[in-house]
Amino acid sequence: LRTTTRTLAPNPDDLEALTSLYKSTGGANWTQNDGWKSGKTGNPCGNENPWYGVSCNDAGRVTAVELVYNNLVGRLPADIVKATNLEHLVFYSNLLNGPVPAEIFALGNLTEFGVNNNA
């Protein structure tokens, strides 16, 4: 996983999407949650304290969230689609349950969506 970091201000929609993911899937108990605990005061694409499993483009927008074998428990939030530049959402081998929000499939840039081996 390549993580690109930037000094640009965080995108508020990306922050809201990632914060929602963290809260709805037990982020405090993830195997790796470096950077995520900073929540809405952090910058997932920043140079300091980058967020584990998050990749960004040169414009400072989140393009990928890859959290495999990371003890995510619960449901994927529909708010994840607020990160409109997402190309990859990969959550293999966690404990996610419930329906996948239909909104995810409307993300225009999404080329990979992986949720195999979940509850």
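In what order do the four strands of the open sheet stand, and is their pairing parallel, antiparallel or mixed?

## The sheet

In this predicted model, the open sheet is formed by four strands that follow one another in the order β1-β2-β4-β6, and their pairing is mixed. The edges are taken by β1 (54-56) and β6 (112-114), each of which pairs on one side only. Averaged over the sheet and with direction ignored, neighbouring strands are turned by 15° against each other.

Both kinds of pairing can be followed from β2. Strands β1 and β2 run antiparallel and are joined by three bridges, whereas β2 (residues 62-66) and β4 (residues 88-90) run parallel, again with three bridges between them. Along the parallel pair, A64 stands opposite H88 in β4, and V65 stands opposite L89 in β4. The strand β2 is mostly covered, with four of its five residues buried.

## The hairpin and the disulfide

The antiparallel pair β1 and β2 forms a hairpin with five residues between the strands, and in the turn G60 has a positive phi of about 80°. Within this pair, the bridge partner of C56 in β2 is V62.

C56 also takes part in a covalent link, for a disulfide joins C45 to C56 with an S to S distance of 1.9 Å; the count of disulfides in the model comes to one. The link of C45 and C56 is left-handed, with -80° about the S-S bond. Because C45 lies in the loop between α1 and β1 while C56 belongs to strand β1, the pair ties together parts that are eleven residues apart in sequence. Both ends are covered: C45 is buried, with a relative accessible area of 3%, and C56 counts as buried at 2% relative accessibility.

## The nonpolar core

In soluble globular proteins, nonpolar side chains tend to be buried together. Here the largest nonpolar core has 25 residues, of which W36, V65, L89 and F91 touch the most other members. Two or more residues are given to this core by each of the elements α1, β1 and β2, and the largest share, five residues, comes from α1.

The surroundings of W36 can be listed in detail: leaving out residues up to four places away in sequence, W36 touches L18, L21, Y22, W30, W51, Y52, V54, V65 and L67. One of these contacts is thus with V65, the β2 residue that stands opposite L89 in β4, and both V65 and L89 are among the core members that touch the most others.

## The start of α1

N11 is placed in the segment before α1 (12-24). The residue is buried, with a relative accessible area of 18%, a value that falls in this class because the limit for buried is under 20%. Its side chain makes two polar contacts with backbone nitrogens that follow in sequence: the side chain of N11 reaches the backbone nitrogen of D13 at 2.9 Å, and a polar atom of the same side chain lies 3.0 Å from the backbone nitrogen of D14.

## The loop before β6

V100 lies in the loop between β5 (95-96) and β6, where the residue counts as partly exposed at 33% relative accessibility. When its neighbours within four places in sequence are left aside, V100 is in contact with F105 and F113. By contrast, V100 and T41 stand 28 Å apart in space, C-alpha to C-alpha, with a separation of 59 residues in sequence.

How values were computed: Residues numbered from 1 in each chain as written. Predicted model: local features only at pLDDT ≥ 70, side-chain atom pairs only at ≥ 80, totals over all residues. Heavy atoms only, no water. Buried < 20%, exposed > 50% of the residue type's maximum accessible area, 1.4 Å probe, protein only. Polar contact = N/O pair within 3.5 Å; in protein donor to acceptor, adjacent residues only side chain to side chain. Pairing = 2+ DSSP bridges. Axes fitted to C-alpha atoms, helices over the stretch in contact; angles between N-to-C directions. Contact = heavy atoms within 4.5 Å. Core = buried A, V, L, I, M, F, W, Y, C linked by side-chain atoms within 4.5 Å. Disulfide = S-S within 2.5 Å.
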